[in-house]
Each structure stands twice: as structure tokens, then as C-alpha cells.
Amino acid sequence: MSDAPEKWSDTQVALVDLIDRVIGGGVVITGEVVLGVAGVDLVYLGLQLVLAPAHEVEQSVALGGRSA
Amino acid sequence: MLLYAVVAADANAPETRGLNGHRLETIRSAFAAVIVEECSEGLGATGDESRAFAEIICNLAATTSMLPIRFPTMLPTRSAVLAQLQANEAAWRRRLTELEGFSEVVIRAQEAETDDEFGTAPASSGTTYLLNRAAVIHRREASVADISELVSTWAREIKVLRPQQGVRLACLVADADIPQLRDAVTTWQQARSGRQAVVSGPWPVFSFVGDEEAVSS
């Protein structure tokens, strides 16, 4: 097996980096939801409305921190 | 509502349509505003949609200082967007001011002997596997330290991203300094045979929106 890594295409790298940052970076909005029945509040949920790549979430959970 | 970006209170949404075919709108508060699009149905967040969203964000960033919002973030109503805006506008406004004139670039680098993940040579034992893996991680850490020092003159902030075929660093750089940073990385790459380095961007500041933006409402 060759030691030389596969030659990168600048265009492909740029696209991959951009998409990665779009779904892995940016402002994260937080919120809250109260679930109730017949006007009675029953359950409170604190939410972070985040879509992140599964591998980043898994890594973040494993490290006990937040994803980049 | 699909959320695109946080902008200054006096900024306007561009005259363009969003992913759902609706015109982009601006929801304003006293110190900041959010660019949104009416979007009654959920998004699949496919590669095409992510790409289209990225194009809109990049076009927007070319016209005004902004904080991109992670795709796809949706809130049910305008009042929900306004509530989030009012809860976070002080922190967002502060970060917008700090980031004016800055962009993000991503540096991806790989040494010839750095394998894709944990070594391509077959591990004869668990110990060998762990030693191979440790060696790869040490090489990555050395590369990160090397590149961080290299770009420290121009990068105001650096974040190490998850490795993908080598190390990746996001750098917050003044727009005027990006050519010098690119030149430095090119020179660094050429200094060692088999070394690869690519600088992508400039991008909107996806990795540098700050930690304080996630303040709970």
C-alpha cells in the first residue's frame, strides 16, 4: 500500500467543508415546550433545536461536551 | 419558519427566495434581526437542501455581517422567532460586532505517513492496534500544533474540527488577511514531500458564532 494519501480536489474539499459547517456549525437555538392536557401543564421539556451529524453527537456525548 | 441567519437590526433580507420557494423575510427586534422563510412543512435536510441553504447563506454573508443559524432550525411561528430573538439579541449583537470584517477558512492537512484512520497496516495484536492508533493521534496533534502556530499571525480564533482524512482547523481570519494565510499554508505544504494542505473558504463564520448564543429563553 502506498504511503501517499489520495490527492485532494480543491473543489470537492470546499464543498465537503461547506456542507459540514452548515449542519455542524452555526447558531443553536434553545427553547422549551410544556405539554399539557385540557389546559393543565403536565410535562416541561427544555430543548436544543439541533441537527448534527450522528458521529459528532456520539463523540460529544462520549467526551461529555458539546460538538463544535 | 425556517431560520437562516442573525443579522443587524437594520439589515434587510435579500430579494431572493428560500428553499421552500418563499421570499426571505426579516423579523426584527431592537438590536438584531433574524432572516427567515415561511416553511410549513418539514425539510428533509438532504444534501441538495443543505447545499442550497449554504448558497443562500454565503450570498447573504457577502452583503452583511451575520451569524449563520445551524441548518435546519425551524420554529413554528413568527412570535416564536421573535421570542428567541428578544431572549438572545444582546449576545448576538455583541458577537455580530466582534465578527464584522472576519470570515472563516478551513485548513485540511495530511502527512504522507498519516493513514486515513488508525493505520492501514494490519494489527497483529490488540497492543499493536493501540500503538498504531496512538501514533496516528500523536501525528495529528503535532500537525494541529504546527498549523496553529503557522496561522497564529492571522487567525484570531482557531477551532479544531473532527478529523476527516487528516486534520481540519477552522480559523477566524480578517478578510484582508486571507491571502497571506493561504500563501503561508501553501509554503508550509511545499516544505515537506507528501504533505497535503488545502484551504477552503472564505465561509460565513459557522464555527465562531460563540457559546453565548445558546442562552436559554
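**Exercise 1. Into which domains is chain B divided, and how many residues of each are in contact?**

Step 1. Start with the division. In this predicted model, chain B falls into domain 1 (2-100) and domain 2 (102-207).

Step 2. Place the centres. Over C-alpha atoms, the centres of domain 1 and domain 2 of chain B are 30 Å apart.

Step 3. Count the contacts. Domain 1 of chain B brings seven residues, and these are in contact with four residues of domain 2 of chain B.

Step 4. Find the elements on the domain 1 side. α1 (47-61) and β4 (66-68) of chain B each give two or more residues to the side that touches domain 2.

Step 5. Sort that side by residue type. It has seven nonpolar residues, no polar ones and no charged ones.

**Exercise 2. In what order do the four strands of the open sheet in chain B stand, and which are the edge strands?**

Step 1. Read the order. It is β6-β7-β5-β8 of chain B, with antiparallel pairing.

Step 2. Find the edges. β6 and β8 (196-203) of chain B each pair on one side only, which marks them as edge strands.

Step 3. Add the twist. From one strand to the next, it averages 20 degrees.

**Exercise 3. Which strands pair with β7 of chain B, and over how many bridges?**

Step 1. Take β5. Strand β5 (residues 102-110) of chain B pairs with β7(B) over eight bridges, in the antiparallel sense. Here A109(B) stands opposite V167(B).

Step 2. Take β6. Strand β6 (residues 155-161) of chain B is also antiparallel to β7(B), over six bridges. I158(B) faces C171(B) across this pair. E157(B) stands opposite L172(B).

Step 3. Look at the turn. The hairpin of β6(B) and β7(B) has five residues between the strands. Q165(B) takes a positive phi there, near 50 degrees.

**Exercise 4. Why is strand β7 of chain B largely enclosed?**

Step 1. Count the buried residues. A residue is buried if 20 or more other C-beta atoms lie within 10 Å of its own. Six of the eight residues of β7 (residues 167-174) of chain B are buried.

Step 2. Conclude. β7(B) is therefore largely enclosed by the rest of the structure.

**Exercise 5. Which strands of chain B do helix α1 of chain A and helix α3 of chain B meet?**

Step 1. Take the helix from chain A. α1 (residues 10-24) of chain A lies across β5 and β8 of chain B. Its angle to β8(B) is about 55 degrees.

Step 2. Take the helix from chain B. α3 (residues 126-151) of chain B packs on the sheet and touches β5, β6 and β7 of chain B. Its direction makes about 15 degrees with that of β7(B).

Notes
Residues are numbered from 1 along each chain as its sequence is written. Chains are lettered from A and ligands numbered from 1 in the order in which they are written. This is a predicted model: local features need pLDDT of at least 70, side-chain atom pairs count only at pLDDT 80 or more; totals for chains, interfaces and linings use all residues. Domain bounds come from an automatic or database domain assignment. Two residues are in contact if their C-beta atoms, placed from the backbone, lie within 7 Å. Ala, Val, Leu, Ile, Met, Phe, Trp, Tyr, Cys and Pro count as nonpolar, Asp, Glu, Lys and Arg as charged, and the others, Gly among them, as polar. A residue is buried if 20 or more other C-beta atoms lie within 10 Å of its own, exposed if 12 or fewer, and partly exposed in between; C-beta atoms are placed from the backbone. Two strands pair if DSSP finds at least two bridges between them. Axes are lines fitted to C-alpha atoms, for helices over the stretch in contact, and angles run from 0 to 180 degrees between N-to-C directions.
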